[in-house]
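Here is a quick tour of one chain and its ligand. Have the sequence and the 3D view open as you read.

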Amino acid sequence: MTYLPPGNSPYVIYVLATLVAARVFYTYLGRKSDNPDALPLPPGPKGLPIVGNVFDIPLNQPWLVYDDWIKTYGDMVYLNILGKGILILGSMERINDIFEKRGNNYSDRPPMPMIKDLMGWDFALSFITYGSGVDNWDNENVKDLEEALGMVFEAAVPGRYLVDIFPLMKYIPSWFPGAGWKRTAELSRKLVTKAVNDPYERVKKEMSEGKAVPSVCSQLIEALPSVLGSPERAKEEHLAKSILAQIYTAGADTTTSACLTFLLAMTLYPEIQRKAQAELDSVLQGRLPEFSDRPSLPYINAMVKETNRWQMVTPCGLYHSATESGIYDGYYIPRGTLVLGNGWTILHDPQEFESPDQYIPERYLKDGKINPEVRDPTVAAFGYGKRKCPGRFFSEDSLFSIIAHVLSVYELKPGLDSDGKEVRIIPEYTSRAAS
Ligand code: HEM
């Protein structure tokens, strides 16, 4: 467990010490006027004077540590990171109260200076301020975008970069000793700018030459205001590029991760693979599946649910941020508190899912049909409230189609080692925001 990004030098530490002192003073003043009744903050690990829980923040599989804290402190756990609050929610009751019933106050995103200002992701809908209009959007390509995506998922791990706690650090020049994170951000910005612009410009060129294949991109270009060089056209064009890049960035790695989990499960649970194939054989009678077969394939639908639950793609979701200070259940929640629902706790709760660490599609079935009484993983797998993933239906359909097609034609087994024996698969997941 480490909080300070690797490569921080004493110079950075001095800058930080000054910023910490200023922040603690500022926070103290703010709290006094904001919380006149001196209501307590929600419970959580004790932390150290001034720096709070800085050294408690987990960077490795944080959702498991959050899960442990929830078991220790209850379904609301509060951390103080140098005066900045992080609130972790660990039950559906808390999640509904905060993200649904009080959604107007808990649907913002934190400023994320590392990702938005430095790494070049200010175009992305997933990071824009709640309530802002599109006017605020400022701003071989798959490979570039994939590399940039790897970096953003790393940066989105709660607590990964100190600049997100101290936005002023973004002005530290990249040559400053220990500012390696700044150079990472610059590399990301270059990749993102290229990956957002180049494919769009290519389609535009192909359209002008009459060679373009019809696509979402070509349709958006056709719908642009016709006056070339007009401010309206520039604004709409910027929006079109942002939407196209967002669809890819939000959907590609996440859905791929779910597919990899399905492949992993099939190698670990061959009997489940056989049951799925038996259902496909009996319903499809040798042809390939269609979406219209979905209602007739309950076992495959149960596998879609279990794949989204068993090894979640985004186990602690994305941070929301409190627009204003508030009082909830007798606790004071300061403005700007980062709030997350620990989906892992919700979807690995043994009261709801017996043997939660096992891949068991049968848990969703009763009398050969999906049992509506079993908690649906979509309550947590795709985030919460007003920021809940808009791509969830598309993603679930994609996963259904992939599972049904792959199992219709393939038998999945572990690979063979040099002695011709099946290798033993040991599941291991990354610690990035999309695992
Ligand atoms: C397995 C697949 C996917 C998973 C697990 C997933 C998960 C998530 C999560 C956890 C969030 C944050 C929600 C919150 O803040 O509470 C999110 C937001 C978002 N997702 Fe997905 N997603 C997936 C696929 C997709 C796809 C296929 C698309 C688009 C085609 C997409 C587009 C978006 C967008 C635009 C946002 C930002 C919403 C906002 O901030 O208001 N996602 N997703």
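## The E1–E2 hairpin

Strand E1, residues 76–81, is mostly covered, with five of its six residues buried. That is how it looks in this model, which is a predicted one. E1 pairs with strand E2 (residues 84–89) in an antiparallel arrangement, and six bridges hold the two together. If you want one pair to look at, take Val77, whose bridge partner in E2 is Ile88.

Now for the turn: two residues sit between the strands of this hairpin, and Leu82 takes a positive phi there, near 50 degrees.

## Around the ligand

Which protein atom is the donor to the iron atom of the ligand? It's the SG of Cys389, at 2.3 Å, and the iron has no other protein donor. Cys389 itself belongs to a loop, the one that links strand E8 (369–370) to helix H12 (392–409).

In total, 23 residues surround the ligand, and Arg109, His320, Tyr384, Arg387 and Cys389 are the closest. Some of these come with polar contacts to ligand oxygen atoms. Arg109 places a polar side-chain atom 2.8 Å from one such oxygen, and an N or O atom in the His320 side chain is also 2.8 Å from a ligand oxygen. With Tyr384 it's the backbone: a polar atom there lies 2.9 Å from an oxygen atom of the ligand.

## The whole chain

Zooming out, the chain has twelve helices and eight strands. It runs to 435 residues, and 50% of them count as buried. The exposed surface comes to about 21700 Å², with 57% of that supplied by carbon and sulfur atoms.

Note on methods. Residues numbered from 1 in each chain as written. Predicted model: local features only at pLDDT ≥ 70, side-chain atom pairs only at ≥ 80, totals over all residues. Heavy atoms only, no water. Helix = DSSP H or I, 4+ residues; strand = E, 2+ residues; numbered from the N terminus. Buried < 20%, exposed > 50% of the residue type's maximum accessible area, 1.4 Å probe, protein only. Areas by Shrake-Rupley, 256 points an atom, 1.4 Å probe, with all protein chains shown as cover. Pairing = 2+ DSSP bridges. Donors = N, O, S within 2.8 Å, 3.2 Å for Na, K, Ca; no water. Near = heavy atom within 4 Å. Polar contact = N/O pair within 3.5 Å; in protein donor to acceptor, adjacent residues only side chain to side chain.
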